[in-house]
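I opened this model to look up its pockets and its surface. My notes follow in the order I took them.

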Amino acid sequence: MLDGRTPLHVFERGSGTNARYRNEVLESYVRVFRGVCGSVLILINDNAKPQRSLLVDEFLESEDIRRMNWLYRFLDLNPIEHVWDSLGRATATRNPSPSTIQGMKTTLLNEWDQLPHNN
């Protein structure tokens, strides 16, 4: 995004609910990019359950943020899925493997920072 990327957001405790997705991701990151990009911003998500709620739909509509939803049968074309795959592979090669939640968070954040950035 804009020749860069956001920090990886890891939910601290509990589940990634629709309210947490709206509050912690959409309001904190996407709203900022909408302000910078204007109407050309298109949000791509992977149809995870918290992303498909009425609460999220209403937020995106109120912020005039367009969304591109991916059909489940075409997930391999969604760039987000390739990012998750890369993070999973990199994490799996760690020796020793993370054995705590904090260890997994640290590993994911470190691997996120090391992912290749292609413009």
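**Pockets and a surface patch**

I began with the largest pocket of this predicted model, and its volume came out at about 1,400 Å³. I then asked which residues lie closest to its centre. Of the 36 residues in the lining, these are Thr6, Ile44, Ile80, Val83 and Trp112.

Next I looked up which elements give two or more residues to this lining, and found α1 (18–37), β1 and α3 (79–92). The element that gives the most is α3, with 6 residues. I sorted the lining of the largest pocket by residue class and noted 23 nonpolar, 11 polar and 2 charged residues.

I went on to the second largest pocket, which holds about 180 Å³ of space. For its lining I wrote down Val10, Phe11, Glu12, Arg13, Ile101, Gln102, Met104, Lys105 and Leu108. By class, this lining has 5 nonpolar residues, 1 polar and 3 charged.

I turned to the surface last. Which residues form a nonpolar patch there? I found Ile42, Ile44 and Met68, with about 220 Å² of accessible area together. Ile44 is also on my list of residues closest to the centre of the largest pocket.

I checked Ile42 separately. Ile42 sits in strand β1, which covers residues 42–45. Is Ile42 buried or exposed? Its relative accessible area is 36%, and because partly exposed covers the range between 20% and 50%, I entered Ile42 as partly exposed. The value is also over the 30% that a patch residue needs.

Conventions: Residues are numbered from 1 along each chain as its sequence is written. This is a predicted model: local features need pLDDT of at least 70, side-chain atom pairs count only at pLDDT 80 or more; totals for chains, interfaces and linings use all residues. Side-chain values use heavy atoms; hydrogens and water are left out. Patches are made of residues with over 30% relative accessible area and no salt bridge: like charges are joined within 9 Å, nonpolar side chains (Val, Leu, Ile, Met, Phe, Trp, Tyr) within 5 Å. Accessible areas come from the Shrake-Rupley method with a 1.4 Å probe; for residues, only the protein chains shown count as cover. A salt bridge is a side-chain nitrogen of Lys or Arg within 4 Å of a carboxyl oxygen of Asp or Glu. Helices (H or I, at least four residues) and strands (E, at least two) are DSSP runs, numbered from the N terminus. Buried means under 20% relative accessible area, exposed over 50%, partly exposed in between (1.4 Å probe, protein chains only). On a 1 Å grid over the protein atoms alone, a cavity is a set of points where a 1.4 Å probe fits but cannot get out, and a pocket is an open set with protein on both sides within 12 Å along at least five of seven lines; lining residues have an atom within 4 Å of a point. Grid points are joined across faces, edges and corners, and a volume is the space filled by probe spheres set on the points. Ala, Val, Leu, Ile, Met, Phe, Trp, Tyr, Cys and Pro count as nonpolar, Asp, Glu, Lys and Arg as charged, and the others, Gly among them, as polar.
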